Amino acid sequence: MIAADSGHPRFLIVRLSAMGDVIHTLPAVQALREAFPDAIIDWLIEERWAELLCAAGTPRRKPLSTRRPLVDWVHTANLRGWRKSLFTTHTALEAVRLWNDVRSRNYDVAFDLQGAIRSALLARWSGAKVVIGAAQPRETPASLVYMRRVITRGTHVIEQNLSIVEEFVQKKLTPPRAVLPRDAVVEQTVARDLLQHGIRDYAILNPGAGWGAKRWPAERYGEVARQLHKDGLRCLVNCGPGEEELFNAVNAASGAVVLPTKPSITGLIALMRRAKVFIGGDTGPLHMAAALQVPVVAIFGPTDPARNGPYGTESVVLRSPSSVTSHARLARPEEGLLEISVDSVVAAARKLLQGSADADRSVRATRDGAHG
């Protein structure tokens with residue numbers, strides 16, 4: 001255990017990107033917060049993912065609120081942008097600002113929960129008295145930067161992140177639910193927009209993924225939408241920047257029964273909370289849905305669902321026995337992924353929807369009985 005010079009220990013979390021990885025880190029940080037309720041906990045993250053910690057337009061410093069529920073101070077870096085203008089005055093000034101902000105916090109411990117060389121160096125660069133990371137990080141040289149190395153435990157990446165915190169607090173922890181920001185104004189706006197379109201029950205389809213090998217064909221998502229539409233379930237298609245062609249392919253195959261959505265991260269969180277089911281591959285929005293306990297149909301190919309699959313929610317994971325775990329960033333869908341049929345995805349969605357309907361009826365019956 002590390003003793004802080006002041007009465008409140010100061011912790012820095014370094015997890016720069018991406019959406020799914022940041023969400024997989026939240027339970028470990030929530031556990032740290034519960035173990036040290038008086039601690040100051042800050043986070044260093046890439047600017048484009050900051051809304052996963054702090055709703056758009058919210059001050060990035062304490063006090064905590066539903067709009068920034070977990071960390072006291074969100075430090076942001078624009079590393080991708082800086083690389084494009086490495087030797088400009090603007091980049092230098094931004095880097096100095098970040099350096100001063102981070103080092104002024106006088107951290108007792110920095111946790112590198114990314115395991116990359118750059119994240120390890122940033123954790124060390126923070127000036128923290130102790131830097132902790134995995135003994136076998138994603139990029140092996142990163143371990144040379146750490147002052148304390150933890151042999152991680154667990155199969156799922158959420159469990160592995162949690163085991164680093166467990167080693168620090170010296171006790172077994174149960175993974176808490178991930179807590180995402182909630183913006184009341186955005187929630188109301190989303191609810192109003194859905195009402196204006198006559199949408200009550202809906203699924204979110206996410207045809208995109210980090211690379212082509214993980215992408216189930218967009219045309220098949222369209223067929224799924226067509227069949228679910230016959231059941232009376234509307235389908236919203238979430239597309240990230242540059243994924244317009246994916247939506248067009250889904251739309252054409254669906255017979256134009258889907259609606260596009262391209263919200264901000266804060267808006268996507270609000271939209272996701274209301275979804276009846278999420279359907280997609282191994283990508284950030286799937287892990288957001290799981291964190292919000294939305295039922296998930298997970299379509300997996302080259303990545304391992306035991307490590308990266310939906311966690312903490314009702315789910316059906318579809319993966320062909322012929323799929324081989326690989327992180328090769330191939331452009332074409334992995335062959336095993338193509339063996340997953342539209343009918344199997346629709347059947348999985350209907351199973352989850354039926355389970356949710358049964359649960360809702362059970363809750364109403366219990367409530368009515370209590371009031372009877």
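Colleague: Let's start with H10: how many of its residues are buried?

Modeller: Happy to, and please keep in mind that this is a predicted model. The buried residues of H10 are Gly284, Pro285, Leu286, His287, Met288, Ala289, Ala290 and Ala291. H10 is thus mostly covered, and the count of buried residues is eight of its eight.

Colleague: Which residue just after H10 takes a positive phi?

Modeller: The backbone there has a phi of about 60°, which is positive. The residue with that value, just after H10, is Gln293.

Colleague: How are H9 and H10 oriented to each other, and why?

Modeller: H9 covers residues 265-273 and H10 covers residues 284-291. Their axes come within 10 Å and cross at roughly 50°. An angle between 35 and 65 degrees is neither roughly parallel nor roughly perpendicular. H9 and H10 are therefore oblique.

Colleague: Which classes of residue make the contact of H9 with H10?

Modeller: The crossing of these two helices, H9 and H10, is right-handed. H9 brings Ile265, Leu268, Ile269 and Met272 to the contact, and H10 brings Pro285, Met288 and Ala289. With no polar and no charged residues in the contact of H9 with H10, the seven there are nonpolar.

Colleague: H9 also packs with H6; what is the orientation of that pair, and why?

Modeller: H6 spans residues 184-196, and its axis lies 9 Å from that of H9. The two helices pack at an angle of about 60°. H6 passes H9 in a right-handed crossing. As for orientation, H6 and H9 are therefore oblique.

Colleague: How many charged residues are in the contact of H6 with H9?

Modeller: From H6 come Val186, Glu187, Val190 and Leu194, while H9 supplies Thr266, Gly267, Ala270, Leu271 and Arg273. By class, the contact of H6 with H9 has five nonpolar and two polar residues, and the number of charged ones is two.

Colleague: Moving to the other end of the chain, how is H1 oriented to H5, and why?

Modeller: H1 is made of residues 19-35 and H5 of residues 157-169, and their axes come within 7 Å and cross at roughly 25°. Angles under 35 degrees count as roughly parallel. That is why H1 is, relative to H5, roughly parallel.

Colleague: What is the handedness of that crossing of H1 and H5?

Modeller: On the H1 side the contact is made by His24, Thr25, Pro27, Ala28, Ala31, Leu32 and Ala35, and on the H5 side by Val157, Ile158, Asn161, Leu162, Val165, Phe168 and Val169. These residues divide into 11 nonpolar, three polar and no charged. The crossing in which H1 passes H5 is right-handed.

Colleague: Is Ser163 buried or exposed?

Modeller: Ser163 lies in helix H5. Leaving aside neighbours within four places in sequence, Ser163 is in contact with Val150, Thr152 and Arg153. Its relative accessibility is 1%, so Ser163 counts as buried.

Colleague: Which residues of H4 are buried?

Modeller: H4 consists of residues 117-125. Among what covers its buried residues are strands S1 (10-14), S2 (40-46), S4 (109-112) and S5 (130-134), along with helices H2 (79-84) and H3 (89-103). Just after H4, Gly127 takes a positive phi of about 85°. The buried residues of H4 are Ser119, Ala120, Leu122, Ala123 and Trp125.

Colleague: How many disulfides are found in the whole structure?

Modeller: Take Cys235, whose nearest cysteine sulfur, that of Cys239, is 13 Å away. That distance is too far for a bond, so Cys239 is not joined to Cys235. Both residues are covered: Cys235 counts as buried at 2% relative accessibility, and Cys239 is buried with a relative accessible area of 8%. A search of the whole structure gives a disulfide count of zero.

Colleague: Is Val237 buried or exposed?

Modeller: Val237 is found in strand S8, residues 234-238. Not counting residues up to four places away in sequence, Val237 touches Leu205, Pro207, Phe247, Val250, Val258, Leu259, Pro260 and Thr261. With a relative accessibility of 0%, Val237 counts as buried.

Colleague: What separates the C-alpha atoms of Val237 and Ile279?

Modeller: Along the chain, Val237 and Ile279 are 42 residues apart. In space, the separation of their C-alpha atoms is 9.7 Å.

How values were computed: Residues are numbered from 1 along each chain as its sequence is written. This is a predicted model: local features need pLDDT of at least 70, side-chain atom pairs count only at pLDDT 80 or more; totals for chains, interfaces and linings use all residues. Side-chain values use heavy atoms; hydrogens and water are left out. Axes are lines fitted to C-alpha atoms, for helices over the stretch in contact, and angles run from 0 to 180 degrees between N-to-C directions. Helices (H or I, at least four residues) and strands (E, at least two) are DSSP runs, numbered from the N terminus. Angles under 35 degrees count as roughly parallel, over 145 as roughly antiparallel, 65 to 115 as roughly perpendicular and the rest as oblique. A crossing is left-handed if the near helix is turned anticlockwise from the far one by less than a right angle, and right-handed if clockwise. Contact means heavy atoms within 4.5 Å. Ala, Val, Leu, Ile, Met, Phe, Trp, Tyr, Cys and Pro count as nonpolar, Asp, Glu, Lys and Arg as charged, and the others, Gly among them, as polar. A disulfide is a pair of cysteine sulfur atoms within 2.5 Å. Buried means under 20% relative accessible area, exposed over 50%, partly exposed in between (1.4 Å probe, protein chains only).
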